[in-house]
Amino acid sequence: MRNRSIALLMLIIGIVVGTLCCVVTHAQNAPEASERGKEVYEESCAHCHGTEGRGDGSAAENLLPRPRDFTRGLYKIRSTESGELPTDQDLYDIITEGMPGSSMPGWETSLSADDRWELVAYIKTFHNGFKEREAPPREITLAGQITYSEESVEIGKGLYTELGCIECHGNIGRGDGTSAPTLTDEWGFQTWPANLTHGWNYRGGSDTEDIFKRFIGGIAGSPMPAFEGDSFLHFGLTSEESKRLTELENKDEMTEAEEGESERFYEKMDEAVNVALNRVEGLELSADEQQIYDNAMKVVYEKSWHLANYVKSLMPEQRPEPAIGNNVLRSQYIQGELPTIDADAWETFESRYFPLVGQVVIEPRQFNPTIDAVSVKSFYNDTEVAFLFIWDDRTHTIDETNEETGETLEDALAVQFPVRVPQGPTAPKPYFLYGGRLPVYVWQWKASAPEQVTELTAKGVNNVEVQEVQGDLQATGTYTDGRYKLWVKRALRTDDKKDLQLDPGIFVPIAFSAWDGSNGDVGTKRVMTSWYTFVLEPVPSSRRFVYPPLIAVLSLGLLVGLRAAVQRRNSEA
């Protein structure tokens, strides 16, 4: 009986293990290409990527970055080494999760898992390399990971400059480096470096391991190289040798011995680079060559982990929540003067986050927005209100000309309110796109006049007027390291009936539009929000300072009275 029980248990375990093996195998290998895969591709993918997978679908012209040309076999997001094709799982993950910050959506809710695997199989037919490869692609190893720490982040910060990341991604990672506006991809189309402070837009994931893979594998077809060979500073040298070579290169004049030392360093680097190139080309390495490569990559891996930890430190834990519900914009009351643009008072509370999307309602539309949010804080006193608006923009664009239309392009921000505040949550609001029958009151700011805000009244995008009487608005605008800050101050109430009048405790609709001149934004081609809400927090009542001492006095009086009454009763007795 006991033997039968053991046999039955082993059979069950065997079935479970077999089932799991089948699941794992399915997760790693797509099925053979089928007619179903073609059908799914033509229904869901061909509009952008083209019927032949060349990235030339009917919608491609309007997209930035352009859809991937599958026939070239250059895939940006992979878990594999430089020069390698992606795994089936890589392709499946991108189809499932999409490419945040681009026009490529995730298909997890729209396509079944089976259909997504069929897509993987069909996409692979566009490039012969998948069929011709004899061995599985070399995957990036995560062995030797350096744990996130302040020390590692500080080392990575130095490497960020040393390795030239700053040239594309900017001083603190907002994608505003000096090279950023000139970058193009393998097909000659403009491409932008990632804003490293916006982890929610990282394609392929924002975990430290994901970032590390982007460094080691590179982003194929883009200006982002893999960290090996001639793309990595002093590849083949140890950290000490690299430091010494830098010292020699910075000398105005070297001795004969120093020139010989420098030459040996360069020979060692050339040898390591040649080995790396041979490896990418698929040539078999000798034991000595493999050791040279392993030693070189050990340094690369170590530095890449430090750099990945630094990049991870640049982003918040998660994307801020939109300014709705408990996160509604609340202007804080203070007594006395309102804080100026750089005052420490602004750091005493969190800003509210307003996501921006491309305007796609009317022509010209913006299908490729480059500004994804504006953050706002506000203070008010007895007579005035001040706002601080902050948004990221990779370029500082002023008075450039659109070569096709002749229109002037520049960075700008508009803040929109209803002229009359709706009385109650169900009362009608003006149309969110610059009003209509119900007018809106707009503050218009442009980068070419950073100390000026113009008041507008609009009854539609084609019916906008500059107010004849401009109120006493004060403004200060700055641009630093890929970020705009705009400070605006205005009286709570004005004599102009076209202006918004503000009172504490009243919820006021607010909306935004922003223009990135370098992205061709002009007129209705912009990013924008629909209506959100802000409120002047009610002034704290002075009664809260009166009640506690008053209660204390009354309590003391009551105690004294009770004591006196007890004493009288005792004396009479």
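**Aromatic rings: worked exercises**

**Exercise 1.** Classify Phe70 as buried or exposed in this predicted model.
Solution. Take the relative accessibility of Phe70, which is 8%. Buried means under 20%. Phe70 therefore counts as buried.

**Exercise 2.** Do the same for Phe126.
Solution. Its relative accessibility is 15%. The cut-off is again under 20%. So Phe126 counts as buried.

**Exercise 3.** Count the aromatic pairs, then classify Phe70 with Phe126.
Solution. Rings pair if their centres lie within 6.5 Å. The count is 31 aromatic pairs. For Phe70 and Phe126, the centres are 6.2 Å apart and the planes stand at 10 degrees. Planes under 30 degrees apart count as stacked, so this pair is stacked. Now place the two rings. Phe70 is in the loop between helix H3 and helix H4, and Phe126 is in the loop between helix H5 and helix H6. They are 56 residues apart, so the pair links distant parts of the chain.

**Exercise 4.** Classify the pair Phe212 and Tyr301, and say what it ties together.
Solution. The ring centres are 5.9 Å apart, with the planes at 50 degrees. That angle is neither under 30 nor over 60, so the pair is tilted. Phe212 belongs to helix H9 and Tyr301 to helix H12, so the contact ties together parts 89 residues apart in sequence. Both residues are buried.

**Exercise 5.** Which rings do Arg66 and Arg526 lie over?
Solution. Start with Arg66: it lies over the face of Phe189, 4.0 Å from the ring centre. Then take Arg526: its charged end sits over the ring of Tyr434, 4.6 Å from the centre.

Definitions and conventions: Residues numbered from 1 in each chain as written. Predicted model: local features only at pLDDT ≥ 70, side-chain atom pairs only at ≥ 80, totals over all residues. Heavy atoms only, no water. Phe/Tyr/Trp six-rings, centres within 6.5 Å; stacked < 30°, edge-to-face > 60°. Helix = DSSP H or I, 4+ residues; strand = E, 2+ residues; numbered from the N terminus. Buried < 20%, exposed > 50% of the residue type's maximum accessible area, 1.4 Å probe, protein only. Lys NZ or Arg CZ within 6 Å of the ring centre and 35° of its normal.
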